[in-house]
Amino acid sequence: MEGYYVYIFLGIFLVLSILIYANLLIVQFFGLRFGTDDKGADRIMQGMLVTSVAFMWYAISLSFTLYNKWLLQQWHLGFHFPIMITTVHMIMKYFITRMWALTPEAEEVPNIPWKILSSIVIPIGVCTSADIVFSNIAIYYLPLSMYTTIKGATLIFTYFLGVVCQLEEFQWPLCTAVVCIAAGLGLAVANTGDSLNVFGMLSVLAATAMSAVRWVLMQLLAVKDEHSSSVMVTLYRFSPYSAISIIPFALGFEAPSLAHSSFAHSSVLLTQALLYSIFGGVVSFLLILVEVKLLRVTSSLLSLIHISE
C-alpha cells in the first residue's frame with residue numbers, strides 16, 4: 001500500500017494546482033475587463049491575486065509536508081535522514097535558479113553590495129535551510145495536526161520582528177490580535193489530545209523562528225535592493241548560501257549513518273531515495289517561489305494574517 005500514498009499526494013498537488021491556475025485566470029479576466037483606472041476593480045483584482053497566491057502557498061505547503069512525512073516515516077519503514085533530504089532540496093534550488101539565469105527571458109542579476117549580502121542575503125539562505133531541516137525533524141516526532149498548529153506561531157514572530165526592523169508599525173489593535181492568536185494556538189496545542197514530544201516541539205519552534213526571520217529579511221531585501229523585487233532574482237541571490245550552509249551538517253551528522261544503512265547497500269533503494277528527494281526539492285522550490293511572490297503582493301505580516309485565516 002505504501003506506493004499509493006505517493007500517487008495520492010501527487011494527485012492532490014495536481015488538482016489543487018489546476019484550481020489555483022483557474023483562479024489566476026479569473027484575476028486576469030477581471031484585469032482585462034475593468035482595466036486599471038477603476039479603483040474598485042483594482043481592489044477586487046488585488047484581493048483575488050492575494051487569495052490565489054495564498055491558496056497556492058497552502059496547497060504546496062500541505063503537499064510538501066505530507067510528502068516529507070511519508071518519506072521520513074513510511075517509505076521502507078522511513079528514510080530517517082532529514083538533513084540529507086534538505087541538502088538535496090537546497091541543491092535543487094541552486095540548480096533551478098542557475099538554469100533560469102541561462103534562459104533568454106531571465107533578468108539581469110547585478111552584483112549586490114557586500115553589506116547587504118552579508119547582513120541580509122546570506123542569513124536568508126541559512127534561515128531557509130534551517131527552517132526546512134527543523135520542519136522535517138519536527139514532522140518526524142509530532143502529529144501533523146500539532147505540527148501545523150505550532151507552526152502557525154510564525155505570525156507572532158514575524159510581527160515583533162517586523163516592528164523591531166521598522167517594516168511594520170506598532171498598533172495596539174494589531175498587537176492585541178497577535179496576542180489573541182498566540183493564546184488560541186496555545187489552547188489548540190493543549191487540546192489536541194496527543195502526547196507532546198519535547199524535542200519535536202523545540203524543533204518546530206526553531207523552524208517557526210527561522211521562517212519568521214526569513215520572511216522579514218526577504219521583505220527588507222526588497223526595500224534595500226530594487227532588483228530583488230523580482231521573485232527569481234531573490235531566489236537566485238540566496239539559493240547558493242542555503243546549499244552551502246547545510247552541506248557540512250549533512251556530511252557530519254547523517255552521512256556516516258546513511259553509509260551503514262540498508263539504503264546504502266541497495267542501489268535501487270538509494271536511487272529511489274535520491275529521486276524522491278529531488279522531487280521534494282522541486283516542490284520545495286515551488287513553495288519558496290510562491291512564498292516570495294506572496295511577500296511581494298502583501299506586507300510580511302498581512303500576508304501571514306491572510307494565510308492564517
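1. The nonpolar patch draws its largest share, 4 residues, from helix 3. Its members are I91, Y94, F95, M99, I247 and L251. Together they offer about 550 Å² of accessible area on the surface. Helix 3 and helix 9 (231-259) are the elements that each contribute two or more residues to this patch. Keep in mind throughout that the model is predicted.

2. Y94 deserves its own remark. This residue sits in helix 3. Its relative accessible area is 31%, so Y94 is classed as partly exposed. Patch residues need over 30% relative accessible area. Y94 is one of the residues in the nonpolar patch.

3. Next, the overall fold. The protein has 11 helices and 0 strands. Read from the N terminus, the order of elements is α-α-α-α-α-α-α-α-α-α-α. Of the 309 residues, 45% are buried. The exposed area of the protein is about 15600 Å², with carbon and sulfur atoms supplying 70% of it.

4. On contact order: take the contacts between residues at least 6 apart in sequence. Of these, 84% join residues at least 24 apart.

5. K93 is the residue I would look at next. It is placed in helix 3 (residues 82-101). K93 is buried, yet it has no salt bridge. Which side chain of opposite charge is nearest to K93? That is D131, at 9.0 Å. A salt bridge requires a side-chain nitrogen of Lys or Arg within 4 Å of a carboxyl oxygen of Asp or Glu.

6. What does the side chain of K93 make a polar contact with? The partner is the side chain of S284, at 2.3 Å. Setting aside neighbours within four places in sequence, K93 is in contact with I132, S239, S284, F285 and I288. S284 thus appears both in this contact list and as the polar partner.

7. Now the salt bridges. How many does the structure hold? The count is 2. One of them joins D131 and R214, with the closest N and O atoms 2.8 Å apart. This pair links distant parts of the chain: D131 belongs to helix 4 (residues 114-141) and R214 to helix 8 (residues 198-224), 83 residues apart.

8. Are D131 and R214 buried or exposed? D131 has a relative accessible area of 6%, so it is buried. R214 is at 3% relative accessibility and therefore also counts as buried. Buried here means under 20%. D131 is the residue named above as the nearest opposite charge to K93, and its salt bridge is with R214.

9. R237 and D225 also meet in a salt bridge through their side chains, at 3.2 Å from N to O. R237 lies in helix 9, while D225 is in the loop between helix 8 and helix 9, so the pair ties together parts 12 residues apart in sequence. Both R237 and D225 are buried.

10. Last, T65. Its place is in helix 2 (residues 39-73). With a relative accessible area of 11%, T65 is buried. Which residues does T65 touch, not counting those up to four places away in sequence? They are I139, L144 and Y147.

Notes. Residues numbered from 1 in each chain as written. Predicted model: local features only at pLDDT ≥ 70, side-chain atom pairs only at ≥ 80, totals over all residues. Heavy atoms only, no water. Buried < 20%, exposed > 50% of the residue type's maximum accessible area, 1.4 Å probe, protein only. Lys, Arg positive; Asp, Glu negative; His and termini not counted. Polar contact = N/O pair within 3.5 Å; in protein donor to acceptor, adjacent residues only side chain to side chain. Contact = heavy atoms within 4.5 Å. Patch = residues over 30% accessible without salt bridge, like charges linked within 9 Å, V, L, I, M, F, W, Y side chains within 5 Å. Areas by Shrake-Rupley, 256 points an atom, 1.4 Å probe, with all protein chains shown as cover.
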